[in-house]
Structures are given as structure tokens and as C-alpha cells.
Amino acid sequence: MIRKILIIGTFALLGCKGNSQDNPDKAVKEKEAKKEFAVNKTEAEWRKELSEMEFYILREAGTENPFSSELLEVKEKGTYVCAACKTPLFESEHKFDSGTGWPSFDRAIEGNVAYDVDYKIGYKRTEEHCAVCGGHLGHVFDDGPKATTGKRHCINGAALDFVPAE
């Protein structure tokens, strides 16, 4: 009897489906399709212009592996721009080593980054995307440097291009 209850209980728990298990790619695409951005392109146009990894991150809200971005090691002065539309997003003077494995900044260039709520992994996070093309960048957290903004903009390196200062 107890065995039957355990088996039924196990199937009941495994059969439960929460919002975090829904198809996040479909939800992101539907959300983006409803928004109007200054730069709007079809999925085919984005696929033609972006690398596979850039498309995965910027258009499907993916995440690159930690410590895989070449931008982690960039120390020179310059501007980090959207890899899709080249909008300036972050200045090098606001970059810091968070130890997380992704390029991190304590602030974005005002007006060029937009924010939304993301429940992709089952709890509320603040998602960041390019305000001009809607490309997914990463997330912002409240565990950044206390001496400045206290924010950590945790950004996928493949969503960015670096433009050195002249």
C-alpha cells in the first residue's frame, strides 16, 4: 500500500509542469514579435547577419558558457556595442571582474539598454536587451560593486563587439 502511494506520488510530482518548463525560445520570440524596435528584421535576416552563437544569444535569449568570451580579457579603453546593431551599450571604464565568467559592468549607457522580467529558470530576474534592436544581452543583479552602483550587468560576450577608443 505504501509502495503504491509512493509510486503515485512520484508520478504526480514528475507530471507537474511549471511556467519555467515552458518553451522559453517560443516565449521570447512571441514577446519580441509584439515589440517594435528601431531596428526590426526577420528571423531569416538575423540568421544571415549573425553567427550561430550570436543568433542563439541575441535572438533566442541563450547563454554562452562561462569563461568562454574573449571579451573577459579585454582591458583597453573603448565601448562595448551590440553585436547585432552596433548600438553603444557599455563603456570600458565601468567594466569589472566579477569572477562569474561573463563580462560585467556596473552600469549601462543610459537609454541604450532596456529591461524586462525573465522567469526562464523558475524565478524572477531582470533581463537586459538592446533598446534599439531588442537583442538579449544578459541580466542585471544587485551584487555589483558597492562603491559605485551596486549593480552587476552580467552580459554574454557574444552579444557584444568591442570598439577600442581612438
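**Group meeting: cysteines, a core and a sheet**

Let's start with a pair of cysteines: the sulfur of cysteine 130 sits 3.6 Å from the closest cysteine sulfur, the one in cysteine 85, and that is too far for a bond. For a disulfide, the two sulfurs would have to be within 2.5 Å. Cysteine 133 is in no disulfide either, with the nearest cysteine sulfur, in cysteine 82, 3.7 Å away. So how many disulfides turn up when you search the whole structure? The count is 0. Keep in mind that this is a predicted model.

Are these two cysteines buried or exposed? Cysteine 130 has 0% relative accessibility, so it counts as buried. Cysteine 133 comes in at 1%, so it counts as buried too.

Okay, let's zoom out. The protein has 166 residues, and 40% of them count as buried. Its accessible surface is about 10,200 Å², with 55% of that belonging to carbon and sulfur atoms. The secondary structure adds up to 4 helices and 9 strands. If you read along the sequence, the pattern goes α-α-α-α-β-β-β-β-β-β-β-β-β. Now look at contacts with a separation of 6 or more: 57% of them are between residues 24 or more positions apart.

Next, the core. In soluble globular proteins, nonpolar side chains tend to be buried together. Here the largest nonpolar core has 24 residues, and the ones touching the most other members are Leu58, Tyr80, Cys82, Leu89, Phe90 and Leu160. Which elements give two or more residues to this core? They are helix 4 (52-58), strand 1 (78-82), strand 2 (88-91) and strand 9 (160-164). Helix 4 gives the most, with 3 residues.

Let's pick out leucine 160. Setting aside its neighbours within four places in sequence, leucine 160 is in contact with Leu71, Tyr80, Val81, Ala83, Leu89, Phe90, Phe105 and Ile155.

Now the sheet. Strands of a sheet pair through backbone hydrogen bonds, either parallel or antiparallel. In this model, 6 strands make an open sheet in the order 3-4-8-7-6-5, and the pairing is antiparallel. Which strands are at the edges? Strand 3 (95-96) and strand 5 (113-118), each of which pairs on one side only.

I'd like to stay with strand 8 for a minute. With strand 7 (residues 136-141), strand 8 (residues 152-155) pairs in the antiparallel sense over 4 bridges. There, valine 140 stands opposite histidine 153 of strand 8. Strand 4 (residues 104-105) is also joined to strand 8, through 2 bridges and again antiparallel. The bridge partner of phenylalanine 105 in strand 8 is, once more, histidine 153.

What about the faces? In a regular strand the side chains alternate between the two faces of the sheet. Strand 8 is covered on both: Arg152 and Cys154 are on one side, His153 and Ile155 are on the other, and all of them are buried.

Last stop: serine 104, which has its place in strand 4. At 1% relative accessibility, serine 104 counts as buried. Which side chain does the side chain of serine 104 make a polar contact with? That of serine 98, at 2.8 Å. Not counting residues up to four places away in sequence, serine 104 touches His94, Lys95, Phe96, Ser98, Arg152, His153 and Cys154. Arg152 and Cys154, you may recall, share one side of strand 8.

That's it from me. Thanks for listening!

Note on methods
Residues are numbered from 1 along each chain as its sequence is written. This is a predicted model: local features need pLDDT of at least 70, side-chain atom pairs count only at pLDDT 80 or more; totals for chains, interfaces and linings use all residues. Side-chain values use heavy atoms; hydrogens and water are left out. Buried means under 20% relative accessible area, exposed over 50%, partly exposed in between (1.4 Å probe, protein chains only). A nonpolar core is a set of buried Ala, Val, Leu, Ile, Met, Phe, Trp, Tyr and Cys residues joined through side-chain atoms within 4.5 Å. Contact means heavy atoms within 4.5 Å. Two strands pair if DSSP finds at least two bridges between them. Accessible areas come from the Shrake-Rupley method with a 1.4 Å probe; for residues, only the protein chains shown count as cover. A polar contact is a pair of N or O atoms within 3.5 Å; within protein, one must be able to donate a hydrogen and the other to accept it, and residues adjacent in sequence count only if both atoms are side-chain atoms.
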